[in-house]
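This report looks at how two chains meet and at how the sheets of one of them are built. The sequence and the structure come first.

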Amino acid sequence: MKSASVIWTSMTLQMKQTFARNMFKFTLFVGPLLTTIVLGEMFRFSGADSFVAYVVLGSGIWSLWNSIAFSSAGDINRERFTNTLSIIFSTPADFRKILLGKIFGNTILSMGSFFLSVFFAIILYRPTIYVANWGLLFVALILTIAAFIIMSIFIAYLLTLSRKTTIWMNCLEVPFALLCGFVFPIENLPQVVQYFSWAFPPTWAVRLLRYPVTETGYTFTEALIPLLITMAVFALLAGFLYKAIFKQAKVLGTLDMA
Amino acid sequence: MAVIEVKDLVRDFTTGDGLFNRNKRTINAVKGISFHVEKGEIFGLLGQNGAGKTTTIKMLITMLAPTSGTCRVLGYDVFGQEKQIRHRINFIFGGEYGIYRRLSARDNLKYFANLYKIDKNIRDKRVDELLELVELSDRADTRVETFSKGMAQRVQIARGLINNPEVLFLDEPTIGLDPLGAENLREVIRKLQAGGTTILLTTHNMYEADELCGRIAIIKQGELLTLGTPQEIKSRLTPRRVVEVARDEITLEDAYIQLVKGSDGQ
């Protein structure tokens, strides 16, 4: 029960203080609009299926990724500079649960970016949207969020080891969006790069999410199985990494700036 | 049994610069210091900036791993047995950092109460008591970012007392406090000691150290220069320095300056 309380309070406080930041309001409201316009103009004459897959869903997924990844990484950076990271780490609460609460909080707020992007795409470009199966779309959306949460946990763990969080954040944002096929099919990438794409859950989450809308490319099951496998691998990897990474953070002294 | 045991404690930091951090440099922040603190004692750790005081405290509060040596709190190793230690200790760092500035003082304290797994039915009462103690009851629901440095420091003090710790580590806790605030904190420290709390204090305020501490260790560049009661340390002042001071009463600051300067061969 107390563990649930740590997750819950970390989540609610995260949302409270994140929403108080003007930069996050920009990421939440203006970022999705700009992403939608860029993608909308790129795909304007590419056919209805591509437009829905890469503008409506693509901008939503990219905005979701930006919000989750940037807020999770940004939080670690911010908390390191304000010395709260090392302080919450040294409390009796399980640090994994604190981080999980924070990531849940960011995810809930980031869903706003996703839905705003979809909304902007529909309002600005008025595409014809056909959804073959709303149930599958809902399941795909939930699994997509789960995939992003697992990636966020993984990234957050790794970023505790480095003080150069801002550099990593910027290095991750666009390459990851391209690598996982948020804005164009990964088949356009060189074959060698595609092997890397396959390793990440968001690649399969994106395919899963697109299927109920386009009914082309990978079928739902063909995307679902690799998604579940890669999610399980990253979850296990994060679990194994936790002890080693946090032991190392204490050895390297990277939890604060002093 | 000593509540805090430090023996031959060493902490090195390796930093890198240049392209890809290839130029590695090792800084020896703490170089084999030893001391112990008994239950209910107020122990002072004094030294110049960069002497290794904060690094020592960070190891004692399980935030940093020692490079080598013994570092035990309440009978447990600070690296590997953190779970047995963390709920029984707390710490207060000087300055306005270490709290969430976009949250109110009350939200900060409630959050840390949850992280210290304090029951909800006693949490709210405890938060109110602590806000009263640090004289922030009337600003309890205001965001900390609107507070002065001293007020933010008082939130830190309240945070450090949230779990009623058996051992309290204070790292320059009166930084930013006005004279009245500092005196109030010293009063809180005395009350905590009277209640059996063990306290390790670092400060640059020699009057504060002299007034509060039963024993004091002075460290310089990671090494222990001397250890004893304030009276013992003052009595170590050399006759030459006593003449230089030219005052009836020798202060801890006189002794401190001589010790720190003297170790430079001055």
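The text below takes up the contact between the chains and then the two sheets of chain B.

**The contact between the chains**

The model is predicted. In it, 34 residues of chain A are in contact with 32 residues of chain B. The two chains bury about 2900 Å² between them, and 61% of that area lies on carbon and sulfur atoms.

Polar contact joins 14 residue pairs between chain B and chain A, counting pairs with both residues at pLDDT 80 or more. Four elements of chain B, namely β1 (4–17), α2 (82–86), β6 (89–93) and α3 (105–115), each supply at least two residues of the side that touches chain A. The largest share of that side, five residues, comes from α3(B). By type, the residues of chain B that touch chain A divide into 17 nonpolar, 10 charged and five polar.

Over all chains the structure holds 27 salt bridges. Two salt bridges are counted between chain B and chain A. Side chains of opposite charge can pair when their charged atoms come close. The table gives the pairs that link the chains.

| Residue in chain A | Residue in chain B | N to O distance |
|---|---|---|
| A:Lys250 | B:Glu82 | 2.5 Å |
| A:Lys16 | B:Asp107 | 2.6 Å |

B:Asp107 is in helix α3 of chain B and A:Lys16 is in helix α1 (residues 2–19) of chain A, so this pair joins two chains.

**The six-stranded sheet of chain B**

Strands of a sheet pair through backbone hydrogen bonds, either parallel or antiparallel. In chain B, an open sheet of six strands with mixed pairing follows the order β6-β7-β8-β3-β9-β10. Its edges are β6 and β10 (223–228) of chain B; each has a single partner strand, so one side of each is left without a neighbour in the sheet. From one strand to the next, the twist averages 15 degrees.

Within this sheet, β3 (residues 42–47) and β9 (residues 215–220) of chain B run parallel and are joined by five bridges. B:Leu46 stands opposite B:Ile218 in β9(B).

Helices lie across these strands. Helix α1 (residues 53–60) of chain B lies across β3, β6, β7 (167–171), β8 (198–202) and β9 of chain B, at about 155 degrees to β7(B). Helix α10 (residues 252–262) of chain B lies across β3, β9 and β10 of chain B, and runs at about 30 degrees to β9(B).

**The four-stranded sheet of chain B**

Which strands make up the open sheet of four strands in chain B, and in what order? The order is β2-β1-β4-β5, with antiparallel pairing. Here β2 (23–37) and β5 (76–77) of chain B stand at the edges with a single partner strand each, so one side of each is left without a neighbour in the sheet.

Strand β4 (residues 68–73) of chain B runs antiparallel to β5(B), and two bridges join them. B:Arg72 has B:Asp77 in β5(B) as its bridge partner.

Helix α1(B) also lies across strands of this sheet: it crosses β1, β2 and β4 of chain B, running at about 110 degrees to β1(B). Thus α1(B) lies across strands β3, β6, β7, β8 and β9 of chain B as well as across β1, β2 and β4 of chain B.

Methods. Residues numbered from 1 in each chain as written. Chains lettered and ligands numbered in written order. Predicted model: local features only at pLDDT ≥ 70, side-chain atom pairs only at ≥ 80, totals over all residues. Heavy atoms only, no water. Contact = heavy atoms within 4.5 Å. Buried area = accessible area lost by both parts, 1.4 Å probe. Salt bridge = Lys/Arg side-chain N within 4 Å of Asp/Glu carboxyl O. Polar contact = N/O pair within 3.5 Å; in protein donor to acceptor, adjacent residues only side chain to side chain. Nonpolar A, V, L, I, M, F, W, Y, C, P; charged D, E, K, R; others polar. Pairing = 2+ DSSP bridges. Axes fitted to C-alpha atoms, helices over the stretch in contact; angles between N-to-C directions.
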